[in-house]
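Me: I should like to take a close look at one part of this structure and then see how its surroundings are arranged. Please guide me through it step by step, in terms a first-year student can follow.

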Amino acid sequence: MLELYSDRLRLRTVVASDWDNFLFTHSNEKLNEFVRKPQSENAIREKFERVLTSKEFVEGEWLLTVIEQVHDQAFVGFIGLQNSDAEMQQLQVGYMLHPDAQGQGFATEALKAIVDWACLVYKPHKFVAYCVAPNIASTKVLENCGFVREGLLRENCKIGEQWFDDCIYGLLAAERC
């Protein structure tokens, strides 16, 4: 079982008892405003089962962790890495925080922790992140962690019936590790 610690947070492997938090974060309209239209509970359950059974971090797979506060194990959110391009040694990052945990620096702290850990374990060349242009909060998290906006993909992401521009952010591992 994976466990990472920062000053205020613990990042750990997702377990079966995390279902309620997984369902909430993946079905809440506001949390998914810049991610996707919430899916059916059955589709979310299938995704959760894949997370629980995923054992190998092969290309295309996500390594998802739960973010909790260290002092009381209160749920903060989820953060993960995707082995997006093994040949190019690139890992994609993604995160989603519970509304009660937003605006407290938890996403920045968790992202720094998982990037530092991934540098040691996977030795990537680069981390990448996609963020729809209107998602200012996520943009700030990425920039606070040293990610640089490297490009804009126009109307690259469709959420519901609306198209959004995707900002591409990158962090060279050599700049962080």
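Reply: Asn28 is a suitable place to begin; this residue is found in the loop between helix H1 and helix H2 (41-53). Please keep in mind that the model is predicted. Although Asn28 belongs to a loop, it counts as buried because its relative accessible area is 19%, and the limit for buried is under 20%. The side chain of Asn28 has a polar atom that lies 2.8 Å from the backbone nitrogen of Leu31.

Leu31 also leads to the helix that comes before the loop. Helix H1 spans residues 19-27 and includes Thr25. The relative accessibility of Thr25 is 0%, so this residue is buried. If neighbours within four places in sequence are set aside, Thr25 touches Leu31, Asn32, Phe75, Phe78 and Met96.

Let us turn next to the sheet. Eight strands form an open sheet in the order E1-E2-E3-E4-E5-E6-E8-E7, and their pairing is mixed. The edges are taken by strand E1 (3-5) and strand E7 (148-159); each has a single partner strand, so one side of each lacks a neighbour in the sheet. On average, and with direction ignored, neighbouring strands of this sheet are turned by 25 degrees against each other. As general background, strands of a sheet pair through backbone hydrogen bonds, either parallel or antiparallel. The antiparallel case is seen in E6 and E8, which are joined by seven bridges. Val128 stands opposite Gly170 in E8.

A helix lies across much of this sheet. Helix H3 crosses E1, E2, E3, E4, E5, E6 and E8, and it runs at about 40 degrees to E4.

Helix H4, residues 136-144, shows how a helix can have two distinct faces. Its buried residues are Ser138, Thr139, Val141 and Leu142. These residues lie on the same side of H4 because they cover an arc of only 160 degrees around the axis. A general rule helps here: an α-helix has 3.6 residues a turn, so residues three or four places apart point the same way. The face of H4 turned away from the buried side carries the exposed residues Ala137, Lys140 and Asn144. Among the elements that cover the buried residues of H4 are strand E5 (90-97), helix H3 (106-121), strand E6 (126-132) and strand E8 (162-172). After H4 comes Gly146, whose phi is positive, near 95 degrees.

Methods. Residues are numbered from 1 along each chain as its sequence is written. This is a predicted model: local features need pLDDT of at least 70, side-chain atom pairs count only at pLDDT 80 or more; totals for chains, interfaces and linings use all residues. Side-chain values use heavy atoms; hydrogens and water are left out. Buried means under 20% relative accessible area, exposed over 50%, partly exposed in between (1.4 Å probe, protein chains only). Helices (H or I, at least four residues) and strands (E, at least two) are DSSP runs, numbered from the N terminus. The arc is that of the directions from the helix axis to the C-beta atoms. Contact means heavy atoms within 4.5 Å. Two strands pair if DSSP finds at least two bridges between them. Axes are lines fitted to C-alpha atoms, for helices over the stretch in contact, and angles run from 0 to 180 degrees between N-to-C directions. A polar contact is a pair of N or O atoms within 3.5 Å; within protein, one must be able to donate a hydrogen and the other to accept it, and residues adjacent in sequence count only if both atoms are side-chain atoms.
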